[in-house]
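These notebook entries record what I looked up in the structure shown here, entry by entry.

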Amino acid sequence: MVIQHVMTTALAPPPIELRFVKTVGEMDAARELMDPDRPLLLVLKAAWCERCPAFGEAVAELATKYQFDYYYTDAADTELVEHYEVSKLPAFVMYKKPGSEPVVSSPATPAMVRGAVEGNCTPVLRLDAEF
């Protein structure tokens with residue numbers, strides 16, 4: 001009788017690719033390059049915002065579990081706040097498909113961004129550690 005020992009290892013989450021944007025032109029360029037199968041999520045936050053760190057952590061966790069293009073900006077130094085009519089932070093803007101109208105949530109909570117991502121994004125495909 002042969003006994004096989006299968007070593008299991010935890011799969012590391014995929015790396016999170018953050019892209020900083022500052023202008024409406026940069027955001028428009030990102031939308032033009034948008035993959036039709038990957039929604040685009042723009043997070044607006046600021047260093048002085050007390051709720052922004054927890055919100056950022058929630059988005060970072062979602063970025064390891066779902067497929068979307070992740071952009072962020074410092075709301076204290078950008079024209080994007082005015083363009084998207086953001087009144088309170090943290091906030092997010094989601095484009096579901098190229099050419100779609102943005103969904104803007106301001107102020108936003110971790111539960112709100114989780115709902116938007118889970119409802120519009122494909123889960124990251126992971127291989128089972130044991131087969």
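**Entry 1. A term, and the first residue it serves.** I call a residue buried when its relative accessible area is under 20%, exposed when that area is over 50%, and partly exposed in between. I looked up Glu 85 under this scheme: its relative accessibility is 68%, so it counts as exposed. The model I am reading is predicted.

**Entry 2. Glu 85 and its surroundings.** I located Glu 85 in the loop between H3 and S5. I then checked its backbone and found a positive phi of about 55°, although Glu 85 is not a glycine. Which residues share a patch of negative charge with Glu 85? I found Glu 26, Glu 79 and Glu 82 gathered with Glu 85 in that patch on the surface. Of these, I followed Glu 26 further and placed it in helix H1, which covers residues 24–32. Glu 26 has a relative accessibility of 37%, and therefore I list it as partly exposed.

**Entry 3. Overall layout.** I counted four helices and seven strands in the protein. Along the sequence, I read their order as β-α-β-α-β-β-α-β-β-α-β. The protein has 131 residues, and buried residues make up 35% of them.

**Entry 4. The network around Arg 19.** I searched the whole structure for salt bridges and obtained five. Glu 17, Arg 19, Arg 38 and Asp 69 are linked in a network of such bridges. Which residue forms a salt bridge with Arg 19 at 3.0 Å between the closest N and O atoms? I identified that residue as Glu 17. Arg 19 also meets the side chain of Asp 69 in a salt bridge, with 3.8 Å from N to O. I noted that Asp 69 lies in strand S4 (residues 69–74) and Arg 19 in strand S1 (residues 18–20), so this pair ties together parts that are 50 residues apart in sequence.

I then asked whether Asp 69 is buried or exposed. Its relative accessible area is 11%, so I record Asp 69 as buried. Arg 19 is at 25% relative accessibility and therefore counts as partly exposed.

**Entry 5. Lys 65 and Glu 61.** I found Lys 65 in helix H2, which covers residues 52–65, and Glu 61 in helix H2 as well. Lys 65 forms a salt bridge with Glu 61, and I read 2.9 Å between the closest N and O atoms. Lys 65 and Glu 61 are separated by about one helical turn, because they are four residues apart in helix H2. This agrees with a general rule: an α-helix has 3.6 residues a turn, so residues three or four places apart point the same way.

I looked up the accessibility of both partners. Lys 65 has a relative accessible area of 40% and is therefore partly exposed. Glu 61, at 43% relative accessibility, counts as partly exposed.

I also looked for contacts in space across the sequence. Lys 65 and Glu 118 are 53 residues apart in sequence, and I read 9.3 Å from C-alpha to C-alpha. Glu 61 and Arg 114 are 53 residues apart in sequence, with 9.6 Å from C-alpha to C-alpha.

**Entry 6. The two sides of H4.** Which residues are buried in helix H4 (residues 110–120)? I found Val 113, Ala 116 and Val 117 to be buried there. They cover an arc of only 95° around the axis, which means that they lie on the same side of H4. I then turned to the face of H4 that points away from the buried side, and found that it carries the exposed residues Ala 111 and Gly 119.

**Entry 7. Cis peptide bonds.** I checked omega at two prolines. A cis peptide bond joins Leu 89 and Pro 90, with omega at about -5°. I placed Pro 90 in the loop between helix H3 (80–83) and strand S5 (91–95), the loop between H3 and S5 in which I had found Glu 85. The peptide bond from Ser 106 to Pro 107 is cis, with omega near -5°. I placed Pro 107 in the loop between strand S6 (103–105) and H4.

Conventions: Residues are numbered from 1 along each chain as its sequence is written. This is a predicted model: local features need pLDDT of at least 70, side-chain atom pairs count only at pLDDT 80 or more; totals for chains, interfaces and linings use all residues. Side-chain values use heavy atoms; hydrogens and water are left out. Patches are made of residues with over 30% relative accessible area and no salt bridge: like charges are joined within 9 Å, nonpolar side chains (Val, Leu, Ile, Met, Phe, Trp, Tyr) within 5 Å. Accessible areas come from the Shrake-Rupley method with a 1.4 Å probe; for residues, only the protein chains shown count as cover. A salt bridge is a side-chain nitrogen of Lys or Arg within 4 Å of a carboxyl oxygen of Asp or Glu. Lys and Arg count as positive and Asp and Glu as negative; His and the chain ends are not counted. The place of a charge is taken as NZ of Lys, CZ of Arg, CG of Asp or CD of Glu. Buried means under 20% relative accessible area, exposed over 50%, partly exposed in between (1.4 Å probe, protein chains only). The arc is that of the directions from the helix axis to the C-beta atoms.
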